[in-house]
Amino acid sequence: MGYLKDERPETMCVQGQWNIGAYKYKASTLMEEYVQGLRERKLVASLCFGCGKVILPPRNLCGRCHRRMDGRRVVSDRGTITCFIVSPPVQKGKLRVLGTDPVETGVLKEGEILVPVFVRFDGSDSNVNTLLIGADPDSVHIGMRVKAVWAKETRGALSDLEGVEPIEK
Amino acid sequence: MAKRNVAIIGCGQTKHSSRRRDVNLAELVSEAVYNALEDAQTHLGEVDAFIVGNMQGFGGVAQPEQWLGDWIGAPGKPVLRIATGGTTGGSVGQAAYYAVASGLYDVVVAVAWEKHSDSKEPGATMGLTHVGFANFCHAFGHGLSLRNLLATSAVGAAAGVAVYQARFYMHRSGCRIEHFDMVAAKSRRNAAKNKYAHLQWPNCTPEDIAKTELIAYPFRYGHICPASDGASAIVVAREEIALKKAKQPAWFKGVAAYTDEENQLQSESFGGVGVLDPSEQMGCRVSAMRVYEMAGIKDPKQEIDVAEIYQPFPSQELIFAERLGLFDDGTAWQALERGETDIDGRIPLDPSGGVNATNAIGSSALQRILEAALQVMGKAEEHQVPKKVRNALAHGWGGVTNFVTVTLLGDTPAQRR
């Protein structure tokens, strides 16, 4: 079998651009319901009448018992850390996402230590992956009690829930 | 198992590296296919069908099978392309088994590959973006904070959900970051014995790995798999042909692929997930149980001689070894400490170096089946485990961390006529 590599030793860079425009997409109205709850500083979860699980953020279909999650429950904005990771200090030039450097674009700050966590809010049966704010990274532990940090002015957006912070004892 | 006995009679791989710029995608795939055919002492005219696969959209080619079909001699024959994320290769290998076991075909070639270096961005960012693009845009439309998304998803970089999964495992098992150093060092040492592997590091020690930079505790750079260019192919045949062509065929004794609920991309309206512990991996446990039932394996701890586990991150070698029933819950790291999982240990894990040392994503799970076959056939050369291999287990993991394939190969068929 002849190989092209005999006549063309290396792959070439082929220039091109492609704007994919917009996809068509159909989502339920759950997201609207959830962010409306956030505006009122409430965490609206869905309840499965099959297995009794309460899932936050809400979803239409129960992942394991394949039933519609038609019930709604407002769960507590206090919860427990079930998992956490600790980033080294954020540095410019270390991370590139979709062609941009998040430090250059100001999304992340140079030198900050990020502590992403899984939080199980009281009354729910799922983890929410969010940021731990205002805690000493060395003091973080699984089982740590936290409460929601809300935006100063909520506007009915996912960003209304900024993260969680430790509950002071 | 089905009525017909089926075996792997030949294996072919390409050399894996970050940039196989000397070949294009079609050349890369055909390299593996022709190596496999040569190993199987089989010519193209004897092949009835092709099962092919890679990650969807990777390398900037959406339907690669339409291009490379000509290069592997497929015209005039059936070509089936499969894409199931990280498990793609496992699904491709199992589909080849189904195609022959069902009696539809006598000889089938299964080939899987990835060519990361054809994409502009390192790794698989563009391909992965396509997986959940509309869903993410929907969430952005509802004010998803880019800062939170980056901090929660991208700080772990390629590690993604695996870094959380590792933390859950550490918490419930007592395993420490030093054990991840040990697994990663073992992968690189084993890879140094495998001429096709990517990250080869002879005599690599856990201390060498511990010196590498921290990405997000508990993962260091030295823990992470590379993004490889490469392809793997196997030739699968029915019993009569296998006995003629191969001195020691690698017989399929059990195949299973069970899924769990989607637990990474929040595909369902960006909602939450009922899987509280991502290291639980129910799909793997159920798949393993089914495979052992098919193969008549009563005690996997005693009867499995070697396992090739899909472990892009070292924590996953430990997690899945337990889920495959090779160790009791939460004890795999203790076996690692005792050297039981070394190439000459009681139950060697990833003697090839595994995915931790070589990750051409679409191909990685087929490579596990291929490497298990090499161990059964006695053809693994320098990384052949120093014992008689009767049962070799191959595992694949992927989807949105919810798909699992488990394949058991052995030195005798599951059923004798």
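**Exercise 1. Give the secondary structure content of chain A in this predicted model, and decide whether the chain is more spread out than a compact globule.**

Solution.
- Step 1. Count the elements. Chain A has one helix and eight strands.
- Step 2. Read them from the N terminus. The helix leads and the strands follow: α-β-β-β-β-β-β-β-β.
- Step 3. Compare the radius of gyration with the globule rule. For 169 residues the rule gives 15 Å, and chain A has 22 Å, well over that value, so chain A is more spread out than a compact globule.
- Step 4. Add the dimensions. The C-alpha trace of chain A spans about 70 × 40 × 35 Å along its principal axes.

**Exercise 2. Work out the strand order of the five-stranded sheet in chain A, and say which strands stand at its edges.**

Solution.
- Step 1. Write the order. The sheet is open and runs β6-β5-β4-β7-β8 (chain A), with antiparallel pairing.
- Step 2. Look at the ends. β6 (128–131) and β8 (161–166) of chain A each have a single partner strand, so one side of each is left without a neighbour in the sheet.
- Step 3. Note the twist. From one strand to the next it averages 50°.
- Step 4. Inspect one pair. β4 (residues 78–84) and β5 (residues 116–121) of chain A run antiparallel and are joined by five bridges. Within this pair, Phe84(A) has Val117(A) of β5(A) as its bridge partner.

**Exercise 3. Describe the side of chain B that touches chain A: which elements give two or more residues, and which gives the most?**

Solution.
- Step 1. Size the contact. 46 residues of chain B are in contact with 51 residues of chain A.
- Step 2. List the elements of chain B that give two or more residues. They are α1 (25–39), α4 (125–131), α5 (133–141), α6 (146–154), α7 (161–173) and β5 (214–216).
- Step 3. Pick the leading contributor. α6(B) gives the most, with seven residues.
- Step 4. Sort by class. This side of chain B has 21 nonpolar, 16 polar and nine charged residues.

**Exercise 4. Classify how α7(B) and α8(B) each pack against α13(B).**

Solution.
- Step 1. Choose the descriptors. Two packed helices are described by the angle between their axes and the distance between the axes.
- Step 2. Take α7(B). It packs with α13 (residues 314–323) of chain B at about 55°, and the axes are 10 Å apart. The two helices are therefore oblique to each other. The crossing of α7(B) and α13(B) is left-handed.
- Step 3. Name the residues. Ala162(B), Gln165(B), Ala166(B) and Tyr169(B) of α7(B) make the contact with Ser315(B), Gln316(B), Leu318(B) and Ile319(B) of α13(B). Five of the contact residues are nonpolar, three are polar and none is charged.
- Step 4. Take α8 (residues 177–192) of chain B. It packs with α13(B) at about 95°, with the axes 7 Å apart. Angles of 65 to 115 degrees count as roughly perpendicular, so α8(B) is roughly perpendicular to α13(B).
- Step 5. Name these residues too. His179(B), Phe180(B), Val183(B) and Ala184(B) in α8(B) meet Pro314(B), Ser315(B), Glu317(B) and Leu318(B) in α13(B). Here five residues are nonpolar, two polar and one charged.

**Exercise 5. Trace the nine-stranded sheet of chain B and find helices that pack on it.**

Solution.
- Step 1. Write the order. This open sheet runs β3-β2-β4-β7-β1-β8-β11-β10-β9 (chain B), with mixed pairing.
- Step 2. Mark the edges. β3 (79–81) and β9 (306–308) of chain B pair on one side only.
- Step 3. Note the twist. It averages 30° from one strand to the next.
- Step 4. Inspect one pair. β10 (residues 391–398) and β11 (residues 403–410) of chain B run antiparallel, joined by eight bridges. Gly398(B) stands opposite Phe403(B) in β11(B).
- Step 5. Add the helices. α11 (residues 282–295) of chain B touches β8 (250–256) and β11, and its direction makes about 135° with that of β8(B). α16 (residues 361–377) of chain B touches several strands, including β1 (6–13), β4 (107–115) and β10; its direction makes about 175° with that of β10(B).

**Exercise 6. Locate the backbone exceptions at Pro57(A), Pro218(B) and Gln41(B).**

Solution.
- Step 1. Recall the background. Most residues other than glycine have a negative phi, and most peptide bonds are trans.
- Step 2. Check chain A. The bond from Leu56(A) to Pro57(A) is cis, with omega near -10°. Pro57(A) sits in the loop between β2 (54–55) and β3 (71–75) of chain A.
- Step 3. Check chain B. Tyr217(B) and Pro218(B) are joined by a cis peptide bond, with omega about 15°. Pro218(B) lies in the loop between β5 and β6 (219–220) of chain B.
- Step 4. Check phi. Gln41(B) is not a glycine, yet its phi is positive, about 55°. Gln41(B) is in the loop between α1 and β2 of chain B.

Conventions:
Residues are numbered from 1 along each chain as its sequence is written. Chains are lettered from A and ligands numbered from 1 in the order in which they are written. This is a predicted model: local features need pLDDT of at least 70, side-chain atom pairs count only at pLDDT 80 or more; totals for chains, interfaces and linings use all residues. Two strands pair if DSSP finds at least two bridges between them. Helices (H or I, at least four residues) and strands (E, at least two) are DSSP runs, numbered from the N terminus. Axes are lines fitted to C-alpha atoms, for helices over the stretch in contact, and angles run from 0 to 180 degrees between N-to-C directions. Two residues are in contact if their C-beta atoms, placed from the backbone, lie within 7 Å. Ala, Val, Leu, Ile, Met, Phe, Trp, Tyr, Cys and Pro count as nonpolar, Asp, Glu, Lys and Arg as charged, and the others, Gly among them, as polar. Angles under 35 degrees count as roughly parallel, over 145 as roughly antiparallel, 65 to 115 as roughly perpendicular and the rest as oblique. A crossing is left-handed if the near helix is turned anticlockwise from the far one by less than a right angle, and right-handed if clockwise. The radius of gyration is taken over C-alpha atoms; the globule rule is 2.2 Å times the number of residues to the power 0.38.
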